[in-house]
Amino acid sequence: MKLILTQEVSGLGTPGDVVEVKDGYGRNFLVPRGLATVWTKGGEKQVSAIRKARKTREIATLEEANSVKAKLESKPVRLAVRAGASGRLFGAITPSDIAAAIVEAQGPQVDRRKVEIPSAIKTTGEHIARVRLHADVQAKVTLKVVAEG
């Protein structure tokens, strides 16, 4: 099945890419979640529009990406969340929470879709998250998760 990606899918591609996937994966996962649309001859206009929008959103140069990386890695990001007495959180930390905490800590604006968490964060303490800034640059952000109050 030939699809046009509308959002970034790890291991598959970025918005605007035309990819070939198995029928079930496309029909049951990618298309219903809005991650891709079915490829058509008229879809080429859609591909160019998606690529143009992506270029305006992403960090343009490698130097700019490296400066943002240095800013993100320079200091830890503090997240105050509700937690039990044993340090277990009520819920989990999401990429949206991390992106918001980076902005609160006077960091750069980060797209939540660019934040990757290796495993679910459900306890207080120090954790690491990765932020994809550019095709060649990834920043490791140190998160200090603390209980509210």
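In the predicted model described here, Ile4 of strand 1 has Val18 as its bridge partner in strand 2. On its other pairing, Ile4 stands opposite Thr37 in strand 3. Strands here are DSSP runs of E with at least two residues, helices are runs of H or I with at least four residues, and both are numbered from the N terminus. Strand 1 and strand 2 (residues 18–20) run antiparallel and are joined by three bridges. Three bridges also link strand 1 with strand 3 (residues 36–38), again in the antiparallel sense. Two strands are taken to pair if DSSP finds at least two bridges between them. As a general reminder, strands of a sheet pair through backbone hydrogen bonds, either parallel or antiparallel.

Lys2 also belongs to strand 1, which covers residues 2–5. Is Lys2 buried or exposed? Its relative accessibility is 38%, so Lys2 counts as partly exposed; buried means under 20% relative accessible area, exposed over 50%, and partly exposed in between, with a 1.4 Å probe and protein chains only. Leaving aside residues up to four places away in sequence, Lys2 touches Val18, Val19, Glu20, Val38 and Trp39, where a contact means heavy atoms within 4.5 Å. The C-alpha atoms of Lys2 and Ala99 are 33 Å apart, with these positions 97 residues apart along the chain counted as their separation.

A second topic is the open sheet of four strands, which has the order 4-9-8-6 and mixed pairing. Strand 4 and strand 6 (115–116) are its edge strands, each pairing on one side only. Strand 8 and strand 9 run antiparallel and are joined by eight bridges. Among the residues involved, Ile128 has Thr142 in strand 9 as its bridge partner.

Turning to the interior, the largest nonpolar core has 22 residues, and Leu72, Ile93, Leu133 and Leu143 have the most contacts inside it. A nonpolar core is a set of buried Ala, Val, Leu, Ile, Met, Phe, Trp, Tyr and Cys residues joined through side-chain atoms within 4.5 Å. At least two residues of this core come from each of helix 3 (62–74), strand 4 (77–81), strand 5 (88–93), helix 4 (95–104), strand 8 (125–132) and strand 9 (138–147). Strand 9 gives the most, with four residues. Apart from this core lies another, of eight residues, among them Val19, Val21, Leu30 and Leu35. Within the contacts of Leu72, again not counting residues up to four places away in sequence, are Ile102, Pro108, Val110, Val131, Leu133, Ala139 and Val141.

For the protein as a whole, there are four helices and nine strands, following the pattern β-β-α-β-α-α-β-β-α-β-β-β-β along the sequence. The C-alpha trace spans about 55 × 35 × 20 Å along its principal axes. Of the 149 residues, 31% are buried. Among contacts with a separation of 6 or more, 52% join residues 24 or more positions apart.

Residues are numbered from 1 along each chain as its sequence is written. Because this is a predicted model, local features need pLDDT of at least 70 and side-chain atom pairs count only at pLDDT 80 or more, whereas totals for chains, interfaces and linings use all residues, and side-chain values use heavy atoms, with hydrogens and water left out.
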